Each structure stands twice: as C-alpha cells, then as structure tokens.
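This report describes selected features of one protein chain. The sequence and the structure are shown first, and the description follows under short headings.

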Amino acid sequence: DMELVYSAQKNLAYELSTDESYYIVKGLGDFEDTEAIVIPATYKNKPVKEIANDAFTGTNIPSVLIGDNITTIGNNAFYYCGGLTSITIPNSVTSIGEKAFYYCTAITTAIIGSGIKSIGTSSFEGCENLESITIPEAVTSIGNNAFKNCYNLSSVYFNATSFTNIHDSSRSSFMDAGKNK
C-alpha cells in the first residue's frame with residue numbers, strides 16, 4: 001500500500017538574470033500577501049541576488065527573511081508594506097533602493113548589515129515607529145530624506161568611516177526624524 005503524499009511547494013516569483021547566473025525576486029508568486037516571506041539564498045541551484053523594483057509594493061506581509069546572497073534591494077521593493085514590524089538586512093546587501101521601505105509605518109527595528117554602501121533616497125521615509133538605526137562602516141552615501149518623518153527615531157549609531165556623499169541637502173536625510181523624542 002503506497003501512499004501518495006502531495007506537498008505543494010510555494011514559490012516566490014523569480015526572473016533569471018540576463019546572463020543566467022542568478023535569480024531576481026519579482027514578487028509574491030504563490031504566496032498570499034498576508035504570509036511571512038522567506039527569500040532563499042538559492043533557487044534552482046542558483047543564487048538569489050536581487051529583490052526587484054516594486055517586488056512587494058503595498059502588500060501586507062507581516063515579515064520577510066532576506067537570504068544571504070541578496071546584494072540589492074530594489075526601488076520601492078517594500079513600499080507601503082504596513083505589516084512589517086522589523087527588518088534585518090543581511091551583510092551581503094550593498095545597496096538599498098529609493099523608497100525601499102517607504103512608509104512601512106509599523107517597523108520599529110531595522111538592522112542594516114555591514115555590507116551596505118548606499119542607502120537610497122527616501123528609503124526609510126515615513127517609518128514613523130522606527131526607534132533606532134545603525135549606519136554601518138561601509139556606508140558612503142545616504143540619500144535625501146532617507147529617514148525623513150521617522151518621528152520616533154531616538155538613536156542613530158553612525159559608524160561610517162569613509163562617508164563621502166554629503167550634499168548641501170544632506171541635512172534633509174533626517175528631516176523631522178526624532179521629532180517625538
């Protein structure tokens with residue numbers, strides 16, 4: 001008596017890179033937008049290196065675990081993801097796109113991995129409950145309004161050692177941040 005067990009393996013939506021060496025996460029795929037998301041390190045034996053622009057825009061995902069082969073978080077990747085309460089960006093990530101976590105109002109904790117070089121314009125803008133952030137050593141640029149309207153930001157640990165990209169408008173990177181503290 002052989003019993004057939006069928007297990008539906010859910011997958012995110014992926015796209016193969018132009019050179020076919022890695023995968024890019026494009027969106028929810030088989031997942032509901034209320035489910036916790038795990039972005040794996042590999043898919044079909046190839047590394048998963050990027051989260052595409054707009055990949056999870058406006059979804060209600062409660063959490064995301066980012067695999068440690070991801071190097072790029074695209075523009076608007078988690079734009080208006082109101083369900084996220086915390087985010088951990090692995091050390092493999094070197095850049096956070098524009099508006100990547102824009103108005104993720106429930107995020108209280110964001111851990112930014114040591115590999116980050118560039119934090120995009122408005123990347124954490126409107127994360128009004130974000131309380132602390134560490135700017136890692138490798139960061140060379142922080143975009144305008146990156147932490148704008150992060151009203152509850154009370155601790156910024158600035159460890160960047162070769163920060164070069166300070167514009168006239170760089171002060172606006174933290175506009176109205178910590179206003180409630």
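## Aromatic pairs

Across the whole structure, which is a predicted model, a search finds 12 aromatic pairs. One of them joins Tyr79 and Tyr102: the ring centres are 5.0 Å apart and the planes meet at 10°, so the pair is classed as stacked. This pair links distant parts of the chain, with the two positions 23 residues apart in numbering. Tyr79 belongs to the loop between strand E7 (72–73) and E8, whereas Tyr102 belongs to the loop between strand E9 (95–96) and E10. Tyr79 counts as partly exposed because its relative accessibility is 23%. Tyr102, at 13% relative accessibility, counts as buried.

A further stacked pair is formed by Phe124 and Phe147, whose ring centres lie 5.4 Å apart with planes at 5°. This pair also links distant parts of the chain, 23 residues apart. Phe124 is located in the loop between strand E11 (118–119) and strand E12 (132–135), and Phe147 in the loop between strand E13 (141–142) and strand E14 (155–158). Both phenylalanines, Phe124 and Phe147, are buried.

## A phenylalanine cluster and a charge over a ring

Phe124 and Phe147 also belong to a cluster in which ring pairs link them with Phe56, Phe78 and Phe101.

Tyr102 has a further partner in Lys99: the charged end of Lys99 sits over the ring of Tyr102, at 4.9 Å from the ring centre.

## Loop residues Thr59 and Asn145

Thr59 is placed in the loop between strand E5 (46–51) and strand E6 (64–66). Thr59 counts as buried because its relative accessibility is 8%. A polar atom of the Thr59 side chain lies 2.8 Å from the backbone oxygen of Phe56, and Phe56 is one of the members of the phenylalanine cluster. Leaving aside neighbours within four places in sequence, Thr59 is in contact with Leu28, Asp33, Tyr80, Cys81 and Gly82.

Asn145 is found in the loop between E13 and E14, the loop that also holds Phe147. With a relative accessibility of 18%, Asn145 counts as buried. When neighbours within four places in sequence are left aside, the contacts of Asn145 are Ser122, Glu125, Ser172, Ser173 and Met175.

## Cysteines

A search of the whole structure finds 0 disulfides. Cys127 is accordingly in no disulfide, and the nearest cysteine sulfur, that of Cys104, is 5.2 Å away. For Cys150, the closest cysteine sulfur is that of Cys127, at 5.3 Å, which is too far for a bond. A disulfide is a covalent bond between the sulfur atoms of two cysteines.

Cys127 is buried, with 0% relative accessibility. Cys150 is likewise buried, its relative accessible area being 0%.

## Strands E8 and E10

Strand E8 (residues 86–89) and E10 run parallel and are joined by 4 bridges. Within this pairing, Thr88 stands opposite Ile111 in E10.

Strand E10 (residues 109–112) presents two faces: Ala110 and Ile112 form the covered face, while Thr109 and Ile111 form the uncovered one. In a regular strand the side chains alternate between the two faces of the sheet. Ile111, the residue opposite Thr88, therefore lies on the uncovered face of E10.

Methods:
Residues are numbered from 1 along each chain as its sequence is written. This is a predicted model: local features need pLDDT of at least 70, side-chain atom pairs count only at pLDDT 80 or more; totals for chains, interfaces and linings use all residues. Side-chain values use heavy atoms; hydrogens and water are left out. Buried means under 20% relative accessible area, exposed over 50%, partly exposed in between (1.4 Å probe, protein chains only). A polar contact is a pair of N or O atoms within 3.5 Å; within protein, one must be able to donate a hydrogen and the other to accept it, and residues adjacent in sequence count only if both atoms are side-chain atoms. Contact means heavy atoms within 4.5 Å. A disulfide is a pair of cysteine sulfur atoms within 2.5 Å. Two strands pair if DSSP finds at least two bridges between them. Rings of Phe, Tyr and Trp (its six-membered ring) pair if their centres lie within 6.5 Å; planes under 30 degrees apart count as stacked, over 60 as edge-to-face and the rest as tilted. A charge sits over a ring if NZ of Lys or CZ of Arg is within 6 Å of the ring centre and within 35 degrees of the ring normal.
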